[in-house]
Amino acid sequence: MAIKPLFTKGPSPASRAGVLLAAMLALLLINRYTPWLDPLRAQAGQLAVPFYWLTHVPSRIGEWLEGNARSRDELENENAALQSEMLVLKRKVQQMASLAAENVRLRQLLNSADLIEDRVLVAELIGVSPDPQSHVVVVNKGSNDGVYVGQPLLDAHGLMGQVIDLTPISSRVMLITDPTHALPVQVNRNGVRAIAEGIGDLYTLKLRHVSSTVDIRVGDVLVSSGLGQRFPVGYPVAEVVSVTMSPGKPFADVLAKPRAQLNRSRHVLLVFDNEALDAGAESQ
Amino acid sequence: MQAPKANNLWVIGILLLAALLLAVWPMGAWSQYRPAWVVLICVYWILALPYRVGLGALCCVGLVQDLVAGSLLGYHAMSLVLIGYVCLLSYQRLRNYAPWQQAGWLFILVGMHQVIGNWVNSLSGHEYRGLGFLWPAFTSALCWPLFYKLQQAIRRRYRVT
């Protein structure tokens with residue numbers, strides 16, 4: 001019989017650390033360069049939801065207090081303001097209806113497919129990515145609600161971003177200002193096309209490769225052009241705030257401010273746009 | 001010699017959950033100064049109970065943080081294992097340091113964490129944006145003396161061994 005060891009000892013910390021480090025490095029690279037781990041992430045990612053839900057509690061309480069502790073006067077005032085806003089919007093919709101009808105007729109003349117109205121899903125923003133370098137938010141709708149990777153997210157003012165990660169009950173959305181994000185846009189006034197990329201600042205987008213002779217001015221509204229086959233056509237993205245043409249450089253520096261309130265909007269819209277995208281692709 | 005009986009280890013679990021929660025708490029523009037709470041907790045408990053908190057456990061904590069923070073799987077796990085290993089090698093010396101010396105050491109440990117983070121970020125396409133990524137190391141070191149006292153009080157109050 002072997003002698004029973006007095007001091008049992010596992011592998012040394014060095015070898016343990018070495019093995020774990022190598023394993024984690026492998027995991028990291030696999031996760032970065034292959035899609036193999038995505039299903040696992042989708043399932044295990046649900047673990048994050050309670051944390052984001054908890055971080056969301058204070059603002060919920062605030063909202064509840066605001067909703068409950070309001071005076072009758074305030075409510076009446078707000079009601080009146082909303083009524084008048086609704087009137088204004090209704091008037092716009094009337095015009096829209098005739099314009100849309102006219103648009104459809106013209107498109108029929110051109111033998112192109114009708115633009116179908118986009119279906120939307122209202123979602124709520126429940127969390128923000130802790131990494132200051134990446135502009136990613138978490139919303140409370142996931143694959144159970146039919147959300148898919150690449151789906152565009154809007155708020156009431158403009159385009160916010162696209163879904164990059166899914167779990168059954170939540171999804172992570174990369175904002176258009178993330179430094180690794182870019183989207184095709186066009187100037188609403190004259191249809192000049194460009195690529196708007198994020199630079200890691202919530203209030204700035206940069207237009208790439210705009211040649212110095214292009215007609216683009218401060219105040220121009222940039223709308224999504226749909227050329228990337230990802231975002232639907234015609235949603236406002238940003239407004240040009242500065243155009244710097246330097247004679248020494250082949251391209252102008254054009255900066256734009258996103259229309260969407262990227263750090264404020266809580267209630268957001270996920271757009272289902274396959275049909276519209278197909279129509280847009282055919283008509284080009 | 002028998003190791004003392006494990007006692008009240010759930011306290012560490014709760015502290016870790018709290019740290020994870022703080023790690024994703026929305027802070028707006030201040031988030032670049034956010035101390036690395038999970039690293040602080042792990043470092044304290046590895047110093048206090050090196051025979052309880054192992055590298056495997058740190059690795060699991062890191063993976064959970066990766067999932068919660070939505071970063072690439074393996075980033076936090078890798079840096080926690082590395083930090084844990086350094087702490088396991090040096091805990092006997094570290095325990096005898098004055099608080100400010102420990103804080104300096106913490107700056108280096110969290111700095112390692114941030115450097116790995118920066119590397120992972122550049123792997124996923126973010127460009128280098130200056131030394132700002134080291135802010136958490138600085139704020140973590142600033143927090144450390146107070147944090148240490150707090151953790152010590154908790155450890156004694158609940159007799160975690």
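This report describes the contact between chains A and B and then the salt bridges within chain A, in a model that is predicted.

## The interface between chains A and B

The two chains meet through 38 residues of chain A, which are in contact with 41 residues of chain B. Between them an area of about 3400 Å² is buried, and carbon and sulfur atoms give 72% of that area. On the side of chain A, Leu28(A), Phe51(A) and Gln133(A) supply 19% of the area buried against chain B, which is more than any other three residues supply.

The chemistry of the contact can be described in two counts: there are 0 salt bridges between chain A and chain B, whereas 8 residue pairs, both members at pLDDT 80 or more, are in polar contact across the two chains. Helix H1 (13-33), helix H2 (38-44) and helix H3 (48-68) of chain A are the elements that give two or more residues to the side touching chain B. Of these elements, H1(A) gives the most, with 14 residues. When the residues of this side of chain A are divided by character, 25 are nonpolar, 7 are polar and 6 are charged.

## Arg41(A) and Asn31(A)

Arg41(A) lies in helix H2 of chain A, and with a relative accessible area of 13% this residue counts as buried, because the cut-off for buried is under 20%. A polar atom of the side chain of Arg41(A) lies 3.1 Å from the backbone oxygen of Ser71(B). Leaving aside residues up to four places away in sequence, Arg41(A) touches Asn31(A) and Asp165(A) in chain A, together with Gly70(B), Ser71(B), Leu72(B) and Leu73(B) in chain B.

Asn31(A), one of the residues touched by Arg41(A), is found in helix H1 of chain A and is likewise buried, at 8% relative accessibility. With residues up to four places away again not counted, Asn31(A) touches Leu37(A), Asp38(A) and Arg41(A), and from the other chain Leu72(B) and Leu73(B).

## Helix H3 of chain B

Gly70(B), which is touched by Arg41(A), follows helix H3 of chain B and has a positive phi, near 75°. The helix itself covers residues 55-69, and its 15 residues should span 21 Å at 1.5 Å a residue; the C-alpha atoms at its ends are 21 Å apart, so the expected span and the modelled one agree. Buried residues in H3(B) include Leu55(B), Leu58(B), Cys59(B), Val61(B) and Gly62(B), and also Gln65(B), Asp66(B), Leu67(B), Val68(B) and Ala69(B). As background to such a list, residues three or four places apart in an α-helix point the same way, because the helix has 3.6 residues a turn.

## Salt bridges within chain A

Over all chains the count comes to 11 salt bridges. Side chains of opposite charge can pair when their charged atoms come close. Three of the pairs in chain A are set out below.

| Salt bridge | Closest N to O distance |
|---|---|
| Arg266(A) and Glu124(A) | 2.7 Å |
| Asp215(A) and Arg189(A) | 3.2 Å |
| Glu239(A) and Arg259(A) | 3.6 Å |

The salt bridge of Arg266(A) with Glu124(A) links distant parts of the chain, since Arg266(A) is in the loop between strand E11 (251-258) and strand E12 (267-272), Glu124(A) is in strand E1 (residues 119-128), and the two are 142 residues apart. Both partners are buried, Arg266(A) at 18% relative accessibility and Glu124(A) with a relative accessible area of 17%.

In the salt bridge between Asp215(A) and Arg189(A), Asp215(A) comes from the loop between strand E8 (205-211) and strand E9 (221-224), and Arg189(A) from the loop between strand E6 (182-187) and strand E7 (193-198), 26 residues apart. Here Asp215(A) is partly exposed, with a relative accessible area of 36%, and Arg189(A) is partly exposed at 37%. The two also belong to a network of salt bridges that links Arg189(A), Asp215(A), Arg217(A) and Asp220(A).

For the salt bridge of Glu239(A) with Arg259(A), Glu239(A) lies in strand E10 (residues 236-244) and Arg259(A) in the loop between E11 and E12, so the pair ties together parts of chain A that are 20 residues apart in sequence. Glu239(A) is partly exposed, with a relative accessible area of 33%, and Arg259(A) counts as partly exposed at 33% relative accessibility.

Definitions and conventions: Residues are numbered from 1 along each chain as its sequence is written. Chains are lettered from A and ligands numbered from 1 in the order in which they are written. This is a predicted model: local features need pLDDT of at least 70, side-chain atom pairs count only at pLDDT 80 or more; totals for chains, interfaces and linings use all residues. Side-chain values use heavy atoms; hydrogens and water are left out. Contact means heavy atoms within 4.5 Å. Buried area is the accessible area (1.4 Å probe) that two parts lose on being put together, summed over both. A salt bridge is a side-chain nitrogen of Lys or Arg within 4 Å of a carboxyl oxygen of Asp or Glu. A polar contact is a pair of N or O atoms within 3.5 Å; within protein, one must be able to donate a hydrogen and the other to accept it, and residues adjacent in sequence count only if both atoms are side-chain atoms. Helices (H or I, at least four residues) and strands (E, at least two) are DSSP runs, numbered from the N terminus. Ala, Val, Leu, Ile, Met, Phe, Trp, Tyr, Cys and Pro count as nonpolar, Asp, Glu, Lys and Arg as charged, and the others, Gly among them, as polar. Buried means under 20% relative accessible area, exposed over 50%, partly exposed in between (1.4 Å probe, protein chains only). The expected span of a helix is 1.5 Å times one less than its number of residues.
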